Amino acid sequence: MAREEFDLIIIGSGPGGYVAAIRAGQLGMKVACVEKDAKLGGTCLHRGCIPTKALLHTASVLDEIREAAGLGIDVSEPKLDVGRAQDRKRKVVDGNARGIEMLFKKNKVTWLHGFGRVTGAHDVEVETPGGTDGKATYGAKNILIATGSVPRDIPVAPADGEKVLNSDHILELGRVPATLAVLGAGAVGTEFASIFTSFGSKVTLIEMLPRILPIEDEEASAELEKALRRRGIKSLTGTRMAGFEKTDSGVKLSLEKDGKADVLEAEMLLVAVGRKPLTENLGLEALGVELERGYIKINPMMQTAVPHIYAIGDVVNTPWLAHVASSEGILAVEHMAGLNPKGINYDRVPSCTYCEPEVASVGLTEAKARERGYDVQVGKFPFTALGKAKIIGKSAGFVKVVRDTKYDEVLGVHIVGAHATELIGEACVTLQMEGTDEELGRTMHAHPTLSEAIMEAAHAAHGKAIHF
């Protein structure tokens, strides 16, 4: 029997792979997507973005009910049912997975269920899960690697799913630990710290670098740390975990900061120190695809050293974000289709952390802008001076605009506060259009809204804030 040939075979159905598959189908390609899991969607949908945000929403509603008395609403003390919260999370995830299957059918994308590897220049072998139906080889004019990443273990405290958890484990946790230590205060660690604080855990964040959310603007990190402290979350920054042991009641961590030793005991430890790319056993290096520290090396069009083999998402050394993978997938497919697309400007990637309060940013931090030689002026506007923030009872945080004084171009926008992850969209458009701070400030914003804070921060960058 002759093997089936495709214009494109994609390995991995995460937000990079499935978006690339749909775009390829739109362009008239005969496309297949290889996925080993029982459902489409990859890490983002099943073990990352979507389930985490579902639990964050549960946490947010729980907090809203607790604060209802301040709004003049008397309710009984809310009680969290973890099992039902997990069930709702799974329904959200499963609904999205079915949506991807529908989009595959609509765009004539073939789902090849199994583990994929590249066995020849234009050959993709798919091994059925469990090996029950053996292996099949398919031909591909182009190949796209979108296999994603998995949580990274640390040798001193490998995850066991019981007392030492990674992000996969904690998403399925059926109970709320009384105390939780979180190693790593990036987006993942901070979001789970926020969830479990709302759920009732006493949480301690441990970060080796000098501040939490270390990739964000320094003032944003400081503002978030203050807000988390008010919620009862302790942040141990500049702190290294020097030792670890399991105890009858949980875990015992030996910590070091500025040469001083300390001990922290908790019921569970969440290790949130990053992820590693899934590039092993794909057969890439034998074909001449270059790897560096596990990452696939690519050019601005997402091509590897073998021009018809592309790679996107967490397997390449670009920001580990679902929306980055999706954009890279579209770029790669359009390039292989000969559409001459424009490359991605990674300075304009929005970064979002969905803790309480939220943090979002796009563009350069103040420090990075100065480092690049810009003559910088910043404007800040606090949510405490915003009518809508007071109305909804969420006045923590600020908007910060970083502008270049020579051309008045907006270089970066940084938000800490309610709905920051939604508000950042306006800033993304401004940077994409190379908008000026004056244009942003003169754009009429509806009142009362949280978005007014962006307009006011733009005014402030010229020393002309109205309400502050």
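A residue is called buried here when its relative accessible area is under 20% and exposed when that area is over 50%. With that cut-off in hand, the predicted model can be walked through from its overall form to its local details. Cys 352 makes a handy first case: its relative accessibility is 15%, so it counts as buried. Across the protein, 50% of the 468 residues fall in the buried class.

The secondary structure comprises 13 helices and 24 strands. Taken along the principal axes, the C-alpha atoms fill a box of roughly 70 × 60 × 50 Å. The radius of gyration is 24 Å, which agrees with the value near 23 Å for a compact globule because the chain has 468 residues. Contacts also reach across the sequence: among those between residues at least 6 apart, 62% join residues at least 24 apart.

We turn next to the interior. In soluble globular proteins, nonpolar side chains tend to be buried together. The largest nonpolar core in this model holds 48 residues, and the members that touch the most others are Leu 8, Ile 9, Ile 10, Phe 104, Leu 144, Ile 145 and Ile 296. Apart from this core lies another one, of 30 residues, whose members include Leu 56, Leu 165, Ala 185 and Ile 195. Ile 10 gives a good view of its surroundings in the first of these cores. Once residues up to four places away in sequence are set aside, Ile 10 touches Gly 17, Ala 20, Ala 21, Val 31, Ala 32, Cys 33, Val 34, Leu 144 and Ala 146.

Ser 194 offers a polar counterpart to look at. This serine sits in helix 6, which spans residues 187-199, and counts as buried because its relative accessibility is 2%. Beyond its neighbours within four places in sequence, Ser 194 is in contact with Leu 56, Arg 231, Ile 233, Cys 355 and Glu 356. Leu 56 is also one of the members of the 30-residue core, while Glu 356 takes part in a cis peptide bond with Pro 357.

The cysteines deserve a short paragraph of their own. A disulfide is a covalent bond between the sulfur atoms of two cysteines. A search of the whole structure finds zero disulfides. For Cys 33, the nearest cysteine sulfur belongs to Cys 44 and is 14 Å away. Cys 33 is itself buried, with a relative accessible area of 0%. For Cys 352, the nearest cysteine sulfur is that of Cys 428, at 7.3 Å, and Cys 352 is likewise in no disulfide.

Helix 11 is a rewarding element to follow. The helix has 13 residues and reaches 18 Å from its first C-alpha to its last, close to the 18 Å expected at 1.5 Å a residue. Its buried residues are Ala 420, Thr 421, Leu 423, Ile 424, Ala 427, Thr 430 and Leu 431. The elements covering them include strand 20, strand 21, strand 24 (410-417), helix 12 and helix 13. Just after the helix, Glu 434 takes a positive phi of about 55°. Glu 434 lies in the loop between helix 11 and helix 12, and counts as exposed because its relative accessibility is 52%.

A positive phi in a residue other than glycine also appears at Asn 281, where the angle is near 60°. Asn 281 belongs to the loop between strand 16 (275-277) and strand 17 (291-292). At 59% relative accessibility, this asparagine counts as exposed.

Cis peptide bonds provide further local detail. One of them joins Glu 356 and Pro 357, with omega at about 0°. Pro 357 is placed in the loop between strand 20 (351-353) and strand 21 (358-363). Another cis peptide bond joins His 447 and Pro 448, where omega is again about 0°. Pro 448 lies in the loop between helix 12 (437-442) and helix 13 (452-460).

Finally, strand 4 and strand 5 form a hairpin, joined through two residues. Strand 4 covers residues 115-120 and strand 5 covers residues 123-127; the two run antiparallel and are joined by five bridges. Among the residues of this pairing, Phe 115 has Glu 127 of strand 5 as its bridge partner.

Note on methods
Residues numbered from 1 in each chain as written. Predicted model: local features only at pLDDT ≥ 70, side-chain atom pairs only at ≥ 80, totals over all residues. Heavy atoms only, no water. Pairing = 2+ DSSP bridges. Helix = DSSP H or I, 4+ residues; strand = E, 2+ residues; numbered from the N terminus. Buried < 20%, exposed > 50% of the residue type's maximum accessible area, 1.4 Å probe, protein only. Core = buried A, V, L, I, M, F, W, Y, C linked by side-chain atoms within 4.5 Å. Contact = heavy atoms within 4.5 Å. Disulfide = S-S within 2.5 Å. Expected span 1.5 Å × (residues − 1). Rg over C-alpha atoms; globule rule 2.2 N^0.38 Å.
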